[in-house]
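Q: I'm new to this one, could you put it up and walk me through it?

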Amino acid sequence: SGMRILRIITIVLAGLSLVARAGTPQQAAAVRTGYERANEAWQLKLKLAKSDAERQSLMSQSPDRLAVAEKIWSVIKGDLDKEWILDPGAWFLRLAFPLAKIGEDGIPRPMMAEQVEAVRREVGQYHIKSSKLAPMCMALVACGDNQAMNLLRKIEKENPDKTVRGVAALGIAMLDKNLGDDARDRSERLSMLRKAIIDASDGVIDGSSVAKMAEDELYIIMNLSKGRVAPDLIGVDSGGRPMKLSDFSGKVVMLLF
């Protein structure tokens, strides 16, 4: 009948609309590759700039992080319950979380807070036991807030994959150093780093090995924590003369960055 045909056409059109809105892993990869190539080209121009004026001019030509974050969000937002979004979702968090706009009151406010929260919420709801969560764990470290820590703790406790639990433990240790240097915090950091080394030392995330990242964190605990003797930093002074920190032993030293 005519009504039945009309109903079938409506269903087909609705399906086509859903397909048109859905993103794909290939689209996400293309957005990331395009941004990374543009960023590399921009950094090369900065490196080759022959004057401060030229470098200053190039600074305003950096790739637009907000535009790219919005683009990758448009690709993944319809599939947050699907496992393929974990890798581009992690990259999105790294891009979007730092983006902020200064309000009239001078206070910076996040520009994509709702989207960031949506990714983290869906990870906690649909992907907490996925074996592909390692990049997401490091993206949560980049976020560095309480919600990120809570999600990392949940992954470390509930994920069945040994390597993912190890990477989550590394993330917890990395965020723990923001809490202070008291004995309890240091004890948890060491415990989590031990777990990371045992469970995930062979893992590689964005070109960095879990073992090397854990080693760097151990160096911080042993050498750069409150109460430790500072490493003997070596460099040059404002006149280009060689110097090292031990030259000032027994004196108050202030470092200006």
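Q: Before the rest, which hand does the crossing of helix 7 and helix 8 have?
A: The crossing of helix 7 and helix 8 is left-handed, a word used when the near helix is turned anticlockwise from the far one by less than a right angle, with clockwise giving right-handed. Helices here are DSSP runs of H or I with at least four residues, strands are runs of E with at least two, and both are numbered from the N terminus. This is a predicted model, in which local features need pLDDT of at least 70 and side-chain atom pairs count only at pLDDT 80 or more, while totals for chains, interfaces and linings use all residues. Residues are numbered from 1 along each chain as its sequence is written, and side-chain values use heavy atoms, with hydrogens and water left out.

Q: And which residues make that contact of helix 7 and helix 8?
A: Helix 7 contributes Cys137, Leu140, Val141 and Cys143, and helix 8 contributes Ala148, Leu151, Leu152 and Ile155, where contact means heavy atoms within 4.5 Å. By class, the residues of this contact are eight nonpolar, no polar and no charged; Ala, Val, Leu, Ile, Met, Phe, Trp, Tyr, Cys and Pro count as nonpolar, Asp, Glu, Lys and Arg as charged, and the others, Gly among them, as polar.

Q: At what angle do helix 7 and helix 8 pack?
A: Helix 7, residues 134–143, and helix 8, residues 146–158, pack at about 155 degrees with their axes 9 Å apart, the axes being lines fitted to C-alpha atoms over the stretch in contact and the angles running from 0 to 180 degrees between N-to-C directions. The two helices are therefore roughly antiparallel, since angles over 145 degrees count that way, under 35 as roughly parallel, 65 to 115 as roughly perpendicular and the rest as oblique.

Q: Switching to helix 5, how many of its residues are buried?
A: Nine of the eleven residues of helix 5 are buried, so this helix is largely enclosed by the rest of the structure; buried means under 20% relative accessible area, exposed over 50%, and partly exposed in between, with a 1.4 Å probe and protein chains only. Among the buried ones are Trp91, Phe92 and Ala96, and the buried residues pack against helix 2, helix 4, helix 6 and helix 7.

Q: What does Ala96 touch?
A: Leaving aside neighbours within four places in sequence, Ala96 is in contact with Ala69, Met112 and Val116, and its relative accessible area is 2%.

Q: How do helix 2 and helix 5 cross?
A: Their axes come within 10 Å and cross at roughly 40 degrees, and the two helices are therefore oblique to each other. The contact is made by Ala28, Val31, Arg32, Tyr35 and Glu36 of helix 2 with Asp87, Pro88, Trp91 and Leu95 of helix 5, which gives six nonpolar, no polar and three charged residues.

Q: Is Glu122 buried or exposed?
A: At 14% relative accessibility, Glu122 counts as buried. Glu122 lies in helix 6, residues 113–126, and, leaving aside its neighbours within four places in sequence, Glu122 is in contact with Leu80 and His127.

Q: Last one, where does Asp206 lie?
A: Asp206 lies in the loop between strand 3 and strand 4, and at 52% relative accessibility Asp206 counts as exposed. Phi of Asp206 is near 50 degrees, a positive value in a residue other than glycine.
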